[in-house]
Every structure is written in structure tokens, then in C-alpha cells.
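Take a walk through this model, from its cysteines to its helix packing and its aromatic rings. Keep the structure open as you read.

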Amino acid sequence: MAKRVNAGTPVEAFQRALESMPFMMVDFSAEWCGPCKQIAPHVDELSEQNPDLIFLQVDVDECPELTKAFRITAMPTFILFSGKSEVGRIMGADLAKLKGLVQRAASPAAPAQP
């Protein structure tokens, strides 16, 4: 299951956490977002199936500073980080694309895609 980022987490603290992990999947979502609710059980399932990949959930209403820093304009938005570098981004509740992004983290030797 994805870990929730605490409300008001400073961008600097979040970036330090990113540096400490080889890969991290961050789910920017909102409680009121229908597509976010629709894909949430699949995110939990992917998290359980991939214990070496850290999944974080950021509520855009509770963490506006992070939302702005990462230029989130739609929910859900999933960003895969390797250290502090963004290596993939998906806007929307597209399960097939999300699974592909998770697979990239599971196979880090794969070439990066734009």
C-alpha cells in the first residue's frame, strides 16, 4: 500500500527522501477525484507486487507546495523518480501505462523513454 505524504511536507524534505531511494513512484491525487478513486486499488496492488519500489501518495489539496513544485495540473499524475530525477510521468488513470512505468523501475537497465 502506498504511504501518504504528510500535509504541508516541505519540498526540500521531499527531495531529500527522493535522493535516498533508487526508485520511487509518487501518486499525486485528491480525495474528491473520481479517476483517482478508480485506480487506487490497482496502485495498492502494484505496490504489493513490487515491494522494492516505494509508492508514495500526495494529496494535492494537503500538499500544495509539492503540487506546485512538480507542476501537477491533472489528477491523478504518477511520477517515477530515480533519485531526484524524474524518469517517467503519466497524467490520468491509465492502468496499462502505469504498469509500464512500474516495469521500467523493475528493469532499470531499460532505456529511458521521453
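A disulfide is a pair of cysteine sulfur atoms within 2.5 Å. By that criterion this predicted model holds one disulfide. The partners are C33 and C36, with their sulfur atoms 2.4 Å apart. The link of C33 and C36 is right-handed, with 75 degrees about the S-S bond. Both ends are out of the solvent's reach by the usual label: C33 is buried, and so is C36.

Now turn to C63. Why does C63 have no bond to C36? The closest cysteine sulfur, in C36, is 14 Å from the sulfur of C63, and that is too far for a bond. The cut-off is 2.5 Å. C63 is also buried, since its relative accessible area is 1%, and buried means under 20%.

Next comes helix α1, which spans residues 11-19. Which of its residues are buried? They are V11, F14 and L18. Seen down the axis of α1, these buried residues fall within an arc of 65 degrees, so they line one face of the helix. What covers them? The cover includes two strands, β2 (24-29) and β3 (54-59). It also includes α3 (64-69) and β4 (77-82).

From here, follow the rings. The structure holds three aromatic pairs. One of them joins F28 and F70. Their ring centres are 5.9 Å apart, and the planes make an angle of 45 degrees, so the pair counts as tilted. This pair links distant parts of the chain. F28 sits in strand β2, while F70 lies in the loop between α3 and β4, and 42 residues separate them. F28 is buried, and so is F70.

F70 also pairs with F81. Here the geometry is edge-to-face: 5.4 Å centre to centre, with 75 degrees between the planes. Again the pair links distant parts of the chain, with F70 in the loop between α3 and β4 and F81 in strand β4, eleven residues apart. Why do F70 and F81 count as buried? F70 has 8% relative accessibility and F81 has 2%, and the limit for buried is under 20%.

Step back to the rings as a group. Ring pairs link F14, F28, F70 and F81 into a cluster. F14 brings the path back to helix α1, where F14 is one of the buried residues. Strands β2 and β4, which hold F28 and F81, are among the elements that cover the buried residues of α1.

Technical notes: Residues are numbered from 1 along each chain as its sequence is written. This is a predicted model: local features need pLDDT of at least 70, side-chain atom pairs count only at pLDDT 80 or more; totals for chains, interfaces and linings use all residues. Side-chain values use heavy atoms; hydrogens and water are left out. Buried means under 20% relative accessible area, exposed over 50%, partly exposed in between (1.4 Å probe, protein chains only). Helices (H or I, at least four residues) and strands (E, at least two) are DSSP runs, numbered from the N terminus. The arc is that of the directions from the helix axis to the C-beta atoms. Contact means heavy atoms within 4.5 Å. Rings of Phe, Tyr and Trp (its six-membered ring) pair if their centres lie within 6.5 Å; planes under 30 degrees apart count as stacked, over 60 as edge-to-face and the rest as tilted.
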